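Hello,

Here is the structure we talked about handing over. Please open it first, then read on for what turned up.

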Amino acid sequence: MTDGCAVMTWLPFQEAVRQLQKKHPQVELHLLWEGPPEPILLDLIRTIPVHRGRGYAEAALRDVVRLAEERDVPLRLVVEPITGDDTDPERLIRWYRRHGFVMVTDGTMKTIMQRPSHRTPASPGRLQGGEKPDPADPA
């Protein structure tokens, strides 16, 4: 980010991320963004083990989705279960799908999901609402 416009975009984003981290202290939350039109990368969302099962990650993810919506950019992540945590990638994929994420590909073997921005048309593979929550999901 070398131009003033990128800095003006990034600084408010950085402050918004700090506020989310402060609002959700039970959740490790790392976000990266190079600025529009690039997607925001959800690098880590993980409930601290002693707080699991209380919906903290669910609430944090809703706020992260809102952050991306406010900037009208996609939200992207790589499904990579953390050793020692929930290591079932299919369960994580179902959880992200319920939040509007769809599978995308970048030519690698990684499982990449993205939640489209308002400007990005929804993928035909996107699941419709009305799915029943899986009580075993990492919310």
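Trp-95, Tyr-96 and Phe-101 form one aromatic cluster. Please bear in mind that this is a predicted model. The structure holds 3 aromatic pairs. One of them joins Trp-95 and Tyr-96, with 5.1 Å from centre to centre and 55° between the planes. That geometry is tilted, because only plane angles over 60 degrees count as edge-to-face and only those under 30 as stacked. Both Trp-95 and Tyr-96 are buried.

Now the overall layout. The protein chain has 3 helices and 5 strands. Read from the N terminus, the order is α-β-β-α-β-α-β-β. The chain counts 139 residues, and 36% of them are buried. Its exposed area is about 8,400 Å². Carbon and sulfur atoms supply 54% of that area. As for contacts between residues at least 6 apart in sequence, 59% join residues at least 24 apart.

Two backbone details deserve a look if you plan to set up calculations.

- Pro-36 and Pro-37 are joined by a cis peptide bond, with omega at about 5°. Pro-37 sits in the loop between strand 1 (27-32) and strand 2 (40-47).
- Asp-72 is not a glycine, yet its phi is positive, at about 55°. Asp-72 belongs to the loop between helix 2 (56-71) and strand 3 (75-78), and its positive phi comes just after helix 2.

Next, helix 2 itself. How far apart are its end C-alpha atoms? They are 23 Å apart. Helix 2 has 16 residues, and at 1.5 Å a residue it should span 22 Å, so the two values agree. The expected span takes 1.5 Å times one less than the number of residues. Several residues of helix 2 are buried, including Ala-57, Leu-61, Val-64 and Leu-67. The buried set also includes charged-type names you may want to check for protonation: Glu-58 and Asp-63 are both in it.

Helix 2 also takes part in a cavity. The structure holds 1 cavity of 30 Å³ or more. The volume of the largest cavity is about 50 Å³. Which residues line the largest cavity? They are Val-65, Ala-68, Glu-69, Val-73, Leu-75, Arg-115, Pro-116, Ser-117 and His-118. Helix 2 gives the largest share of this lining, with 3 residues. Val-65 and Ala-68, both in the lining, are also among the buried residues of helix 2.

Two single residues are left.

Gln-26 is in the loop between helix 1 (4-23) and strand 1. Is Gln-26 buried or exposed? Its relative accessibility is 17%, so it counts as buried, the cut-off being under 20%. Leaving out residues up to four places away in sequence, Gln-26 touches Arg-46, Thr-47, Ile-48, His-51 and Tyr-56.

Asp-43 lies in strand 2. Its relative accessible area is 47%, so Asp-43 is partly exposed. Beyond its neighbours within four places in sequence, Asp-43 is in contact with His-30 and Leu-32. What separates the C-alpha atoms of Asp-43 and Leu-31? The distance is 5.5 Å, although the two residues are 12 apart along the chain.

Best wishes

Conventions
Residues numbered from 1 in each chain as written. Predicted model: local features only at pLDDT ≥ 70, side-chain atom pairs only at ≥ 80, totals over all residues. Heavy atoms only, no water. Phe/Tyr/Trp six-rings, centres within 6.5 Å; stacked < 30°, edge-to-face > 60°. Buried < 20%, exposed > 50% of the residue type's maximum accessible area, 1.4 Å probe, protein only. Helix = DSSP H or I, 4+ residues; strand = E, 2+ residues; numbered from the N terminus. Contact = heavy atoms within 4.5 Å. Areas by Shrake-Rupley, 256 points an atom, 1.4 Å probe, with all protein chains shown as cover. 1 Å grid on protein atoms, 1.4 Å probe; cavity = no way out; pocket = protein on both sides within 12 Å on 5 of 7 lines; lining within 4 Å. Points joined across faces, edges and corners; volume = space filled by probe spheres on them.
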